[in-house]
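Student: I have a model open and would like to go through it with someone. Can we start with one residue and work outwards?
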Amino acid sequence: DKFLGIINRGTHNDFAEKFEKGLTTLNTILTTEVNAHHITIDGFVNRDTLFYIQRAVVCKVEYLPTKIKSTIPKLDQLLKSTNTEKNGNPFIVYHSRDSIANKIVFSVAIPTKNKVFTSAESDIYTGQTNPFQAVKATLTGNYNHKKEAYDKLFELMSKNRLEQSDRNKIIEIIPINSLTEKSAAKWVTEIYIPVRPKKSLIRTPAVKKDTV
């Protein structure tokens, strides 16, 4: 230590250099994780009838990912305790958003093969979607890039003169999420915006059947 001190390479300076190098490497890794993403526009799809259990959540917009992460295990536990079989990946149903208060109302849901009945006292209840048509995009990467995916979908709708349907809600299926994969760059979010299609502008071969 004395020798290193003489040549101005004391243990403190040596540690500081390694610490700074470590922070630089960590920053590079985190930046890559946040920015790495890919968006695929899947186009026009048909959605089938779907049964599911759900839990409604109201929170500030910035807390949405945290609330989703904490709610999914509770739904999983209910299914396990009642021996109810899943019928796909967890998803989010968006109900409303208050931009002034920065609050969002949504449900975290898990699809089931059959309709599930819960007690009146439970904050978890059953849900069902009827068949509907939608435009779909798949985002691979951090949730921060969802706005870009939505912008591309709304652009597609505008080009094809499609209007958003008010009979169904926007849903996001999250087959790969923060509970199943640590790397945000590998998360997958499938976005479905329900539409009222103008059949004359939609080619039949482009229509795909899509399930959870």
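Student: Is Thr71 buried or exposed?

Tutor: Keep in mind that this is a predicted model. Thr71 counts as buried, because its relative accessibility is 1% and the cut-off for buried is under 20%.

Student: Which element is Thr71 in, and what does Thr71 touch?

Tutor: Thr71 belongs to helix α3, residues 64–81. Leaving out residues up to four places away in sequence, Thr71 touches Arg55, Val57 and Val108.

Student: Which other residues of α3 are buried?

Tutor: Along with Thr71, the buried residues of α3 are Leu64, Ile68, Ile72, Leu75, Asp76 and Leu79.

Student: Why that kind of spacing?

Tutor: An α-helix has 3.6 residues a turn, so residues three or four places apart point the same way.

Student: What covers the buried residues of α3?

Tutor: The cover includes strands β2 (50–60), β3 (91–98), β4 (103–112), β5 (124–129) and β8 (171–176).

Student: How far apart are the end C-alpha atoms of α3?

Tutor: They are 26 Å apart. That agrees with expectation, because 18 residues at 1.5 Å a residue should span 26 Å.

Student: And just after the helix, what does Asn83 do?

Tutor: Asn83 takes a positive phi of about 55 degrees just after α3, and Asn83 is not a glycine. Asn83 sits in the loop between α3 and β3. With 74% relative accessibility, Asn83 counts as exposed.

Student: Where else is there a residue other than glycine with positive phi near 55 degrees?

Tutor: Arg161 is one of them, with phi near 55 degrees. Arg161 lies in the loop between α4 and β7 (163–164), and Arg161 is exposed at a relative accessible area of 58%.

Student: Back inside. Which residues touch the most other members of the largest nonpolar core?

Tutor: That core has 31 residues, and Ile68, Tyr94, Phe106, Val108, Val135 and Ile193 touch the most other members. At least two residues each come from β1 (37–47), β2, α3, β3, β4, β6 (132–141), α4 (146–159) and β9 (188–196).

Student: Which element gives the most to this core?

Tutor: α3 does, with five residues.

Student: You listed Ile68. What is Ile68 in contact with?

Tutor: Beyond its neighbours within four places in sequence, Ile68 is in contact with Ile92, Phe106, Val108 and Ile174. Apart from that largest core lies another core, of eleven residues, among them Tyr52, Phe91, Val93 and Phe132.

Student: How many aromatic pairs are there?

Tutor: The count is four. One of them is Tyr52 with Phe91, which is edge-to-face, at 5.1 Å centre to centre and with 80 degrees between the planes. The pair links distant parts of the chain, with Tyr52 in strand β2 and Phe91 in strand β3, 39 residues apart. Both residues are buried.

Student: What lies over the face of Tyr192?

Tutor: Arg47 does, at 4.6 Å from the ring centre.

Student: Here is one that looks odd to me. Is Lys146 buried or exposed?

Tutor: Lys146 is buried, because its relative accessible area is 15% and the cut-off is under 20%. Lys146 is in helix α4. Its contacts, apart from neighbours within four places in sequence, are Tyr94, Leu139, Glu172, Thr189 and Ile191.

Student: Now the whole chain. How many helices and strands does the protein chain have?

Tutor: Four helices and ten strands. From the N terminus on, the order is α-α-β-β-α-β-β-β-β-α-β-β-β-β. The protein chain has 212 residues, of which 35% count as buried. Among contacts with a separation of 6 or more, 78% are between residues 24 or more positions apart.

Student: Last topic, confidence. Where is confidence lowest and where is it highest?

Tutor: It is lowest in helix α1 (residues 2–6), at a mean of 57, and highest in β8, at 97. The protein chain averages a pLDDT of 85, and 76% of the residues score at least 70.

Student: What about residues 200–206?

Tutor: Over residues 200–206, pLDDT stays under 50, and the model has six contacts for them beyond four places in sequence. Where pLDDT is low, the predicted coordinates should not be read in detail.

Terms used:
Residues numbered from 1 in each chain as written. Predicted model: local features only at pLDDT ≥ 70, side-chain atom pairs only at ≥ 80, totals over all residues. Heavy atoms only, no water. Buried < 20%, exposed > 50% of the residue type's maximum accessible area, 1.4 Å probe, protein only. Contact = heavy atoms within 4.5 Å. Expected span 1.5 Å × (residues − 1). Core = buried A, V, L, I, M, F, W, Y, C linked by side-chain atoms within 4.5 Å. Phe/Tyr/Trp six-rings, centres within 6.5 Å; stacked < 30°, edge-to-face > 60°. Lys NZ or Arg CZ within 6 Å of the ring centre and 35° of its normal. pLDDT = per-residue confidence, 0-100.
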